[in-house]
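Biologist: I'd like to go through this one slowly, asking how we know each thing. Can you take me through it?

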Amino acid sequence: MSSIIGITILGTMICLLDLANAHSNSSSCKDALPITSTKFQEPHDSLERANNTEVTTDFKSWNFRPAGHERHHRRLRVIHGVVNIFGWGVLLPIGVIIARYYKRLPMKCEEWYSLHVRSEVAGFILGTVGWGLGISIRNSAKEQSTMSTHGIFGTIIFTFTTIQVLHICLQPDEENVYRKYWVIYHNFFGYALIILTIVNIFQGIEKEEPSNRWKWSYAVLVGVMGLTALVLELLPCFSMIKNKLSVSGIE
């Protein structure tokens, strides 16, 4: 079980790193300063030559901000996206899948709780780093403005994932009368955070150029995780039908 999860995580990291390299290579061409064009008209008359010399310069294309700063800013945005996609967008859903399907038959695993906690804590740490990078990118922007919807959702996700991780240490015992209420709360906010995280990641991808490759790549990851959850959800039904058929065959 742990080896399958490790292979999945490694493959996701390789995919995200390839996307980051492709993004940085495609966007590096945009950092070059445009060449201003100078046009000279030289009439035959020497007097008219001095008066009619025309120089056209595209002042709008001048970039007074250092190109190195722009490259650094773009690189931080790529790192922010990769870390958040892998942390909040992949590890957190994997942790939820482990907790829901690997503590019961037919996929029961004795180490499900340890794997769940490790996946959630690792996703929380990476997501927190990505969230901090996002705040830093916003603060270093040329034009300071109010926080965007993407930033607001990111802060909400950070707040409630922090609470969810703290609840691991504060969960009541199995015999506690409030245990069932804690389970309901923990599950409800866990699923809500997964949905909000996926929506926010797609919203952040829309701000990047080119965004289509990132969008479709993450859509494939979400589709794979969703299909895995669907298959694991239906496995008990298949097992139940198989058992009924076997029992009826014996009779």
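Modeller: Sure, let's start with His80. In this predicted model, His80 touches Gly130, Leu133, Gly134, Ile137 and His150, leaving out residues up to four places away in sequence.

Biologist: What makes those count as touching?

Modeller: Contact means heavy atoms within 4.5 Å, and His80 meets that with each of the five residues, His150 being one of them.

Biologist: Where does His80 sit, and is it buried or exposed?

Modeller: His80 is in helix α3, residues 67-101. Its relative accessibility is 18%, and buried means under 20%, so His80 counts as buried.

Biologist: What does the record say about His80?

Modeller: The unreviewed UniProt entry puts a "binding site" annotation on His80, His116, His150 and His186. That annotation may be inferred rather than shown by experiment.

Biologist: Okay, on to His186. Why is His186 called buried?

Modeller: Same kind of check: 16% relative accessibility is under the 20% cut-off, so His186 is buried. His186 lies in helix α6 and, leaving aside neighbours within four places, is in contact with His116, Gln164 and His167. His116 is also in that "binding site" annotation.

Biologist: How do you know that α6 has the length a helix should have?

Modeller: Helix α6 runs over residues 179-205, which is 27 residues. At 1.5 Å a residue it should span 39 Å, and its end C-alpha atoms are 39 Å apart, so the two agree. Its buried residues include Arg179, Trp182, Leu193 and Asn200.

Biologist: And what does that check give for α4?

Modeller: Helix α4, residues 112-139, has 28 residues, with an expected span of 40 Å. The end C-alpha atoms are 40 Å apart, so that agrees too. Among the buried residues of α4 are His116, Glu120, Phe124 and Gly130.

Biologist: Which stretches does UniProt call "transmembrane region"?

Modeller: The unreviewed entry lists residues 78-101, 121-139, 151-170, 182-204 and 216-235. In the model, residues 78-101 are 100% helix, with end C-alpha atoms 33 Å apart. Residues 121-139 are 100% helix as well, with ends 27 Å apart.

Biologist: How do you describe the way α4 and α5 pack?

Modeller: Two packed helices are described by the angle between their axes and the distance between the axes. For α4 and α5 (residues 149-170), the angle is about 145° and the axes are 10 Å apart. Their crossing is left-handed.

Biologist: Which residues meet there?

Modeller: From α4 there are Tyr113, Val117, Phe124, Thr128 and Trp131; they meet α5 residues including Phe158, Thr161 and Val165. The residues of this contact divide into seven nonpolar, five polar and no charged.

Biologist: What makes Thr161 buried?

Modeller: The relative accessible area of Thr161 is 6%, and the limit is under 20%, so Thr161 is buried. Thr161 is in helix α5 and touches Trp88, Leu92, Phe124 and Leu193, not counting residues up to four places away.

Biologist: Last one: how many helices and strands does the chain have, and how much of it is buried?

Modeller: Seven helices and zero strands. Of the 251 residues, 31% count as buried. Among contacts with a separation of 6 or more, 73% come from residues 24 or more positions apart.

Technical notes. Residues are numbered from 1 along each chain as its sequence is written. This is a predicted model: local features need pLDDT of at least 70, side-chain atom pairs count only at pLDDT 80 or more; totals for chains, interfaces and linings use all residues. Side-chain values use heavy atoms; hydrogens and water are left out. Helices (H or I, at least four residues) and strands (E, at least two) are DSSP runs, numbered from the N terminus. The expected span of a helix is 1.5 Å times one less than its number of residues. Buried means under 20% relative accessible area, exposed over 50%, partly exposed in between (1.4 Å probe, protein chains only). Axes are lines fitted to C-alpha atoms, for helices over the stretch in contact, and angles run from 0 to 180 degrees between N-to-C directions. A crossing is left-handed if the near helix is turned anticlockwise from the far one by less than a right angle, and right-handed if clockwise. Ala, Val, Leu, Ile, Met, Phe, Trp, Tyr, Cys and Pro count as nonpolar, Asp, Glu, Lys and Arg as charged, and the others, Gly among them, as polar.
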